[in-house]
Amino acid sequence: MKIDGIPTRTLRPHPREGVLDLIDQTRLPHALHWVRAATLGEAAHAIRAMQVRGAPLIGVTAAYGLAIGLLADASDAGLDHALVTLGATRPTAVNLHWALARMAARLAPLPPGERPAAAWVEAAAIEEEDVAQNRAIGEHGLALLRALKPRRKGPLQLMTHCNAGWLATADWGTALAPIYAAFDAGLPVHVWVSETRPRNQGLLTAWELMQHGVSHTLIADNAAGLLMGEGRVDAVLVGADRIAANGDVANKVGTYLKALASCDNGLPFYVAAPGSTLDFACPDGRAIPIEEREGDEFRLVRGLDHRGTPSALRQLPEEEAVGNPAFDVTPARLVTALITERGVGAASAAGLAALYPEADRCNKDLPPSSGAVRNAGGAQ
Ligand code: MRU
């Protein structure tokens, strides 16, 4: 993806210095600011505080975070500590646990002295695979968009939710990859971008679409159904944080409502994700841990004040109880198709088995997800 016309990735590893530079997404869309992770703690903080976010990018960052951690302590205890620290940062995106399990499988058998160098190489391999897979998702998705185009005079009208774009991956994105592929191929597209309360990841999507020159319009989350009902949407494309063995999809909260509205309006609802987002150890969506985030994400509204200084505005008193589940589950029956790096398939056990015949191995050996899950009362 291009920033100011220059091809750019969302992270810059520096193996010789043993550090990782990351775009601080909490500063976007107002400022493009890079932060440096020079310790295991800083890498874990970047993921937990959502300076980096989006399932694939969380996985790549965790892999580099582990490499950074091993520079300080590559013993068995150091490796375990780094795996536990990074694994506890966010619970829903399975790419995090997938990347850590892959790093552990590669590094644990090595003598400690060989681990740091091998860790940087493995993390770089995960990054490169992410880029290649997203590019492939873009090509497979483009074929679907081309097939939809005859329905619409003028630009194809696509809707997305949250940010499953360049910023959520090392490059290209998942749900936005077909959109960038279409734009680059000269297929006219316009994107309806939902704001995605309370963290407003839609603003990140709008920012990166603007950087690449793709026509788009921001809407409030609640406007999505109206636009679909008025015939102003041709398809919905979203990403995923975890796809269960039966094809149920966990993604940013609000995805389920878009899937329901798509179904009611007879619109295709596509979920784009790489193999690292599949979790065959989760039989269905009910087994997916849903992250409950702190209530102040909801009680405070963040932006720039009239002087252009980043600030937070309190919209609810501190003691007001709020629920802040960060993800929801869209049942497989509402998903028209999954767009993966291996092609397009049904969101079902059979569809996944056709795309991933080695499925019985994918992510089955992951440790149980750690970290915060929804509290029983749904309030905090
Ligand atoms: O809480 P976030 O911003 O990390 O949630 C991100 C999403 O829900 C994305 O849609 C998902 O990770 C897919 S990213 C390619």
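Me: I'm starting with Pro-198. Where does Pro-198 lie?
Reply: Look in the loop between strand S7 (189-194) and helix H7 (201-212), and you'll find Pro-198 there. One thing to keep in mind as you look around: this is a predicted model.

Me: Okay, found the loop. What joins Arg-197 and Pro-198?
Reply: For this kind of feature, read the omega value. Here omega is about 5°, and the bond between Arg-197 and Pro-198 is a cis peptide bond.

Me: Let me try another proline. What kind of peptide bond joins Leu-28 and Pro-29, and where does Pro-29 lie?
Reply: That's a cis peptide bond too, with omega about 5°. Pro-29 belongs to the loop that runs between strand S4 (19-23) and strand S5 (34-37).

Me: What about phi? Which sign does it have at Cys-162?
Reply: Check the sign, then check whether the residue is a glycine. Cys-162 isn't a glycine, yet its phi is positive, about 65°. You'll spot Cys-162 in the loop between strand S6 (156-160) and helix H6 (177-184).

Me: Now the ligand. Which residues around the ligand come nearest?
Reply: There are 18 residues around it, and the nearest are Arg-53, Arg-90, Asp-241, Asn-251 and Lys-252.

Me: How do I read a polar contact there, say for Lys-252?
Reply: Look for a pair of N or O atoms within 3.5 Å. An N or O atom in the Lys-252 side chain sits 2.7 Å from a ligand oxygen atom. Arg-90 has a polar side-chain atom 2.8 Å from an oxygen atom of the ligand, and for Asp-241 such a distance is 2.8 Å as well.

Me: How much of the ligand's accessible area does the protein cover?
Reply: Start from the ligand on its own, which has 420 Å² of accessible area; the protein covers 100% of that. As for the space the ligand takes, that's the largest cavity.

Me: Which elements give two or more residues to the shell around the ligand?
Reply: Two to pick out: helix H2 (55-72) and strand S11 (249-252). Now zoom out to the domains. Domain 1 (2-129) and domain 2 (134-363) each supply at least three residues of the shell.

Me: Last one: how do the shell residues divide into nonpolar, polar and charged?
Reply: Sort them by type and you get 8 nonpolar, 6 polar and 4 charged residues.

Notes. Residues numbered from 1 in each chain as written. Predicted model: local features only at pLDDT ≥ 70, side-chain atom pairs only at ≥ 80, totals over all residues. Heavy atoms only, no water. Near = heavy atom within 4 Å. Polar contact = N/O pair within 3.5 Å; in protein donor to acceptor, adjacent residues only side chain to side chain. Areas by Shrake-Rupley, 256 points an atom, 1.4 Å probe, with all protein chains shown as cover. 1 Å grid on protein atoms, 1.4 Å probe; cavity = no way out; pocket = protein on both sides within 12 Å on 5 of 7 lines; lining within 4 Å. Sits in = over half its atoms within 2 Å of the grid points. Helix = DSSP H or I, 4+ residues; strand = E, 2+ residues; numbered from the N terminus. Nonpolar A, V, L, I, M, F, W, Y, C, P; charged D, E, K, R; others polar. Domains from an automatic or database assignment.
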